[in-house]
Amino acid sequence: MGQLPADVLAGRHHQLRRAAKSSLDVGKMSRLVVISNRVSAGGGAQGGLAVALSAALRANGGIWFGWSGEVTEQFTGHINFQRTDGVATATVDLEEQDVEEYYNGYANRTLWPLFHYRIDLAEYERSFAGGYERANQRFAETVLPLIESEDVVWVQDYHMIPLGRELRKRGIANRIGFFLHIPWPPRRLLATLPEAAALVETLFDYDVIGFHTQEWLDSFLDFVKAELDAEIVGENLIRWQGRTIRLLACPIGIDARAFEDMARSQKARRAYEKVRSSLVGRSLIVGVDRLDYSKGLEERFLGYERFLEENPEVRKSVVLMQIAPPSRGAVESYQRIRSSLEGLAGRINGAHAGLDWVPIRYVNQGYPRDVLAGVYRAARIGLVTPLRDGMNLVAKEYVAAQDPEDPGVLILSRFAGAASQMPQALLVNPYSAEEMSDAIRRALAMSIHERKERWKATVQDVVERDVMWWLETFRDALEQKESAPEEIITIKA
Ligand code: ADQ
């Protein structure tokens, strides 16, 4: 199995120099307080985001605060402090009603579907909105004593949109940033949310608001222009009640170097060999997703079914392995998609399978990251076709795990944030079974020369704009105290 090409490595060396430089600047950096719904500090087996935030907290000090995932009879605000691999964490338990209304309710039954353009699934309940507000007040109240005057505070994702305002109400004057990990919906969809303008306005208490792509940022600006009384004073700059808020398009990456190393590890090799031998010469198409309706799994199965029907001569030479661990099982729409997918996989397998071949292997469980890396590497095609996705890290992981001498082909939804960084993937409309079928056929027939060219162009960006790049870029924007419009640097995603 080969190494990354020299030009990609050159980009990486540039990054390492930058990392070395920034570690020299450590003395000048403020402590970081990260606030997110769930806390997953540590390293090793964690995802890229946890690795990057943990590294920053380790280097500059600070703390990661969030919900413990535990339920308590009555909310007390008692903080559970821990230190994991040199990273300080602080977590708090929530009441059952908070979990129902804030987490299962407003976060996952209102905002998640709405922000993924699924107003057909979004549920608008006053009790959810009330629970969301209450939980955010409780988070603010609890984290307040942990914030020191020179700290920079970084709030993550849609669970905590109003947290910045709650902190300001309690006298916090620090720099506070917010990063949204999911898409920002078009204005006319967002307008269906009762009190949408009031919710969006709470974001003006942050100093920097980050999105993965310019498209999500533009949708946000569109809503602000139409519905809110704020002044747009420069490119990606808003002024509101004497405050200046900077908008940033800053795509998250993966821990690319670690992932590439993982793909060559013992465990990855074992997974690779196991999968390859089970294929007996067939080509593997792999999909890896949380079981979520935004990931387009039903449409993916239908696209693959179309491919099987349209290509009888090659259909027996491929296998689709879909790895999809269940998530958010307490929410009904997630239970529905689970049973619908089981039905679809059963129908397609029933119609097409033979004595020695089953077209879909549908696996409902999670795997360690090094095993996943081996599976990605064994796959001739990575099929990543969400209907809507803020970014999508699986696309980047698939690319990073490939063998440079024999890389597979990434088929990617044009509606994933990642598509704006990966023009050399085969971009498809996930709603079109025909486009998906055509892309699979094209990927299977693609010459090794074209596969290498496309992969090289794609992996370059995955390595250069990795998760540390994301973190440093956002942090630089957050640390920049006064920002005149002409000084604004826009990062095009
Ligand atoms: P997610 O919706 O969770 O993240 P994604 O970006 O694809 O989506 O990340 C999923 C992560 O879970 C990947 O690292 C993947 O390897 C892992 N994973 C998935 N299935 C797994 C399995 N079976 N076993 C083990 N690991 C598995 C949200 C947004 C995205 C955005 C990220 C980060 O919805 O759009 O990219 O946050 O900002």
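The exercises below, each with a worked solution, concern a predicted model of one protein.

Residues are numbered from 1 along each chain as its sequence is written, and side-chain values use heavy atoms, with hydrogens and water left out. Because the model is predicted, local features need pLDDT of at least 70 and side-chain atom pairs count only at pLDDT 80 or more, whereas totals for chains, interfaces and linings use all residues.

**Exercise 1. State the average pLDDT of the protein and find the stretches where pLDDT is below 50.**

Solution. Start from the scale: pLDDT is the predictor's confidence in each residue, from 0 to 100. The protein averages 91, and 91% of the residues score at least 70. Over residues 1–27 the value is below 50, and this stretch has 39 contacts in the model beyond near neighbours in sequence, a contact being heavy atoms within 4.5 Å. Residues 482–493 also stay under 50, and for them the model has 31 contacts beyond four places in sequence.

**Exercise 2. Describe the largest nonpolar core and the surroundings of W184.**

Solution. First fix the terms: a nonpolar core is a set of buried Ala, Val, Leu, Ile, Met, Phe, Trp, Tyr and Cys residues joined through side-chain atoms within 4.5 Å, where buried means under 20% relative accessible area, exposed over 50%, and partly exposed in between (1.4 Å probe, protein chains only). The largest such core has 166 residues, and those with the most contacts inside it are I35, F139, L167, W184, F220 and L412. Helix 3 (residues 96–115) gives the most to this core, with eight residues; helices (H or I, at least four residues) and strands (E, at least two) are DSSP runs, numbered from the N terminus. Turning to W184, and not counting residues up to four places away in sequence, this residue touches F115, Y117, L190, V200, L203, F211, W216, S219, F220 and F223.

**Exercise 3. Decide for D85 and N392 whether each is buried or exposed, and place each in the chain.**

Solution. As background, most residues other than glycine have a negative phi. D85, which is not a glycine, has a positive phi of about 50°; D85 lies in the loop between strand 3 (79–84) and strand 4 (87–95), and is exposed, because its relative accessible area is 53%. N392 likewise has a positive phi, near 100°, and is found in the loop between strand 14 (381–384) and helix 14 (393–400). N392 is buried, because its relative accessible area is 6%.

**Exercise 4. Characterise the largest pocket and the largest cavity by volume and lining.**

Solution. On a 1 Å grid over the protein atoms alone, a cavity is a set of points where a 1.4 Å probe fits but cannot get out, and a pocket is an open set with protein on both sides within 12 Å along at least five of seven lines; lining residues have an atom within 4 Å of a point. Grid points are joined across faces, edges and corners, and a volume is the space filled by probe spheres set on the points.

- The largest pocket holds about 1,600 Å³ of space, and is lined by 46 residues, with L49, R290, K295, R328 and L393 nearest its centre.
- Helix 2 gives the most to the lining of this pocket, with four residues.
- The pocket lining divides into 21 nonpolar, 16 polar and nine charged residues, where Ala, Val, Leu, Ile, Met, Phe, Trp, Tyr, Cys and Pro count as nonpolar, Asp, Glu, Lys and Arg as charged, and the others, Gly among them, as polar.
- One cavity of 30 Å³ or more is counted, and the largest cavity has a volume of about 100 Å³; of the 14 residues that line it, G408, V409, L410, R454 and W455 are closest to its centre.
- Helix 16 gives the most to the cavity lining, with four residues, and by class that lining has eight nonpolar, four polar and two charged residues.

**Exercise 5. Determine which residues Y376 touches and how far Y376 is from D403.**

Solution. Y376 belongs to helix 13 and counts as buried, because its relative accessibility is 1%. Apart from residues up to four places away in sequence, Y376 touches F259, V286, V288, V394, E397, Y398, A401 and Q402. Y376 and D403 are 27 residues apart in sequence and 9.9 Å apart in space, C-alpha to C-alpha.
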